[in-house]
Amino acid sequence: MFEFIKGKVEYIGPEYIVIENQGIGFQIATPNPFFFSGKIGNEVIVYTYHYVREDVMALYGFQTREEKLLFTKLLNVSGIGPKGALAILASGVPEQVVQAIEAEDESFLVKFPGVGKKTARQMILDLKGKLQNVVPDFFPNLFTEENGEATHVNDHHELEEAILALKALGYSDKEITKMTKDLKKEKLTTDQYIKLALQKQLR
């Protein structure tokens, strides 16, 4: 129903963000709301999926069309609902998930929250060979900034924002230290720091 919503970030919570457009506040559940940290009052585009069932109607939002497409594919897997699909996307990136499915890597898939061996096997059975359009050309640098600004001169500020976002997600100082100990060697955006930290948490 909605391809995307463009508007200002009005609120960031643990499970959702609120985007204001034309005086209407849209509550949108996202894989990681704190990827929008620092963007309060700024205009953003959120790619949305309108989920409707007899007892629930909700908007789910994503930073990229690839994330949205993978979310819809995951919903088709028996045993995975919206919350489970969001948890998978919050803990990984699309190309990682696709690669694990294509390689039938159950040991990687079961690291995602709520995914046991049975669900991991079902993901492989249902989705292997059907995800080519999720990551075109098989894992090009999907999250690289097109405008060449993927690395910022002020990278320490970006890392500090990422650490604050991880704390807001409930991670302890010890867990954050473990996840981010190697991140200072990188020059990334805030979003990329967060994703890399979460990837390290899965290892």
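**Exercise 1. Is lysine 195 buried or exposed, judging by its relative accessible area? Then find its salt-bridge partner and say where the two residues sit.**

Keep in mind as you work that this is a predicted model.

Step 1. Begin with the cut-off: a residue is called buried when its relative accessible area is under 20%. Lysine 195 has a relative accessible area of 8%, so it is buried.

Step 2. Now look for the partner. Lysine 195 makes a salt bridge with glutamate 67, and their closest N and O atoms are 3.4 Å apart.

Step 3. Place both residues on the chain. Lysine 195 belongs to helix α8 (residues 190–202) and glutamate 67 to helix α1, so this pair links distant parts of the chain, 128 residues apart.

Step 4. Check the partner as well. Glutamate 67 has a relative accessibility of 2% and counts as buried.

**Exercise 2. Which residues are linked with Glu3 in a network of salt bridges? Work out what the pair of glutamate 3 and lysine 68 ties together.**

Step 1. The count of salt bridges comes to six. One of them joins the side chains of glutamate 3 and lysine 68, at 3.4 Å from N to O.

Step 2. Find the two residues along the chain. Glutamate 3 is in the segment before β1 (4–12), while lysine 68 is in helix α1 (residues 65–75), so the pair ties together parts 65 residues apart in sequence.

Step 3. Look at how each residue is covered. Glutamate 3 is partly exposed, at 38% relative accessible area, whereas lysine 68 is buried, at 13%.

Step 4. Complete the network: Glu3, Arg65 and Lys68 are linked by salt bridges.

A general idea helps here: side chains of opposite charge can pair when their charged atoms come close.

**Exercise 3. Which helices hold glutamate 106 and arginine 121? Describe the salt bridge between these two residues.**

Step 1. Glutamate 106 and arginine 121 meet through their side chains in a salt bridge of 2.5 Å, N to O.

Step 2. Glutamate 106 lies in helix α4 and arginine 121 in helix α5, 15 residues apart, and the pair links distant parts of the chain.

Step 3. Compare their accessibility with the cut-offs. Glutamate 106, at 24%, counts as partly exposed, and arginine 121, at 30%, counts as partly exposed.

**Exercise 4. At what angle do helices α3 and α5 pack? Describe the contact between these helices.**

Step 1. Helix α3 (residues 94–102) packs against helix α5 (residues 117–127) at about 85°, and their axes are 9 Å apart. Angles of 65 to 115 degrees count as roughly perpendicular, so α3 is roughly perpendicular to α5.

Step 2. List the residues in contact. From α3 come Val97, Ile101 and Glu102, which meet Met123, Ile124 and Leu127 of α5.

Step 3. Sort these residues by type: five are nonpolar, none is polar and one is charged.

Step 4. Move along to the loop between α3 and α4 (106–109), where you will find alanine 103. Alanine 103 is exposed, with 55% relative accessible area. Alanine 103 and lysine 128 are 25 residues apart in sequence, and their C-alpha atoms are 8.5 Å apart in space.

**Exercise 5. In what order do the strands of the closed barrel run? Trace some of the pairings, then add the helices that lie on the strands.**

Step 1. The closed barrel has five strands in the order β1-β2-β3-β5-β4, with mixed pairing. From one strand to the next, the twist averages 55°.

Step 2. Follow β1 to its partner. β1 pairs with strand β4 (residues 43–53) in the antiparallel sense, over five bridges. Here phenylalanine 4 is opposite tyrosine 47 of β4.

Step 3. Continue from β4 to strand β5 (residues 56–62): these two pair in the antiparallel sense over seven bridges. Tyrosine 51 is opposite alanine 58 of β5. A hairpin of two residues joins β4 to β5.

Step 4. Add the helices. α1 packs on the sheet and touches β4 and β5, with its direction at about 15° to that of β4. Helix α2 (residues 82–91) lies across β3 (24–29), β4 and β5, and runs at about 15° to β5.

Conventions
Residues are numbered from 1 along each chain as its sequence is written. This is a predicted model: local features need pLDDT of at least 70, side-chain atom pairs count only at pLDDT 80 or more; totals for chains, interfaces and linings use all residues. Side-chain values use heavy atoms; hydrogens and water are left out. Axes are lines fitted to C-alpha atoms, for helices over the stretch in contact, and angles run from 0 to 180 degrees between N-to-C directions. Helices (H or I, at least four residues) and strands (E, at least two) are DSSP runs, numbered from the N terminus. Angles under 35 degrees count as roughly parallel, over 145 as roughly antiparallel, 65 to 115 as roughly perpendicular and the rest as oblique. Contact means heavy atoms within 4.5 Å. Ala, Val, Leu, Ile, Met, Phe, Trp, Tyr, Cys and Pro count as nonpolar, Asp, Glu, Lys and Arg as charged, and the others, Gly among them, as polar. Buried means under 20% relative accessible area, exposed over 50%, partly exposed in between (1.4 Å probe, protein chains only). A salt bridge is a side-chain nitrogen of Lys or Arg within 4 Å of a carboxyl oxygen of Asp or Glu. Two strands pair if DSSP finds at least two bridges between them.
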